[in-house]
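Reader: I should like a close look at one helix pair and the way its two members pack. Please set the pair in the context of the whole chain.

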Amino acid sequence: VSVDFSEKNKLGVIDSYLNDIIYLFENSNCKFVILEDLDRTQNYEVFTHLRNLNFVLNNRLSSFDESRSQRSRIVFIYLLDDCIFSNPEELVKFFDYSVSIIPAVSATNAGQVFLNKRDSLNKCYFSNKILSDEFLLLISRFIPDIRLINKIFNDYLLAITTFEPILQLNECSDESELSDSQKQLIKFLFSFVVFRLFFPSE
């Protein structure tokens with residue numbers, strides 16, 4: 001479910017539909033509510049509203065049916081960047097527990113991820129003679145995200161397929177079968193894919 005909390009006057013949507021929200025939880029076995037991307041709203045009053053909602057739901061449901069006290073309370077789980085809070089006090093004000101998640105790919109190891117991805121694809125246009133270690137390591141400094149890395153290689157494969165008549169690869173198995181102009185075009189194509197990722201309107 002998607003709700004726009006970017007404007008303050010839209011926060012009242014929670015209060016407006018409070019009875020419906022309570023009814024929904026009363027008639028379900030929902031234990032967890034996962035909320036994500038709230039850090040993009042730039043309107044942090046939403047955390048206060050959601051915390052109050054969670055408090056109301058748990059109190060109402062426990063009084064509605066005593067047997068519900070045997071089950072776990074309704075837990076709101078927030079997936080967000082903790083840098084949105086200027087100090088630790090604000091963080092603990094809104095949340096009972098916080099768990100830091102260390103990304104699998106960061107600026108320190110993105111280069112190796114690029115190299116591993118290239119080496120795992122056994123095609124001449126992924127040769128380290130064309131997409132050299134130095135070239136990929138240079139790019140990786142600016143792309144410490146596994147989703148972006150996967151997108152780059154997927155878009156590159158699509159571009160190779162699209163421009164295959166121009167590149168005239170003819171199912172080559174080794175970069176030695178390619179001319180210097182073909183190698184330059186392939187490298188340019190990879191660079192163009194990266195450029196379009198960051199400047200899609202150009």
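Author: Helix 7 and helix 9 are oblique to each other, because angles under 35 degrees count as roughly parallel, over 145 as roughly antiparallel, 65 to 115 as roughly perpendicular and the rest as oblique. The model is predicted: local features need pLDDT of at least 70, side-chain atom pairs count only at pLDDT 80 or more, and totals for chains, interfaces and linings use all residues. Residues are numbered from 1 along each chain as its sequence is written, and side-chain values use heavy atoms, with hydrogens and water left out.

The axes of helix 7 (residues 146–162) and helix 9 (residues 180–198) cross at roughly 130° and come within 9 Å; these axes are lines fitted to C-alpha atoms over the stretch in contact, with angles from 0 to 180 degrees between N-to-C directions. The crossing of helix 7 and helix 9 is right-handed, the near helix being turned clockwise from the far one by less than a right angle.

On the helix 7 side, L148, K151, I152, F153, D155, Y156, A159 and I160 take part in the contact (heavy atoms within 4.5 Å). Their partners in helix 9 are I186, L189, F190, V193, V194 and L197. The residues of this contact comprise 12 nonpolar, two charged and no polar, where Ala, Val, Leu, Ile, Met, Phe, Trp, Tyr, Cys and Pro count as nonpolar, Asp, Glu, Lys and Arg as charged, and the others, Gly among them, as polar.

As for the whole chain, there are nine helices and two strands, DSSP runs of H or I with at least four residues and of E with at least two, numbered from the N terminus. Their order along the sequence is α-α-β-α-β-α-α-α-α-α-α.
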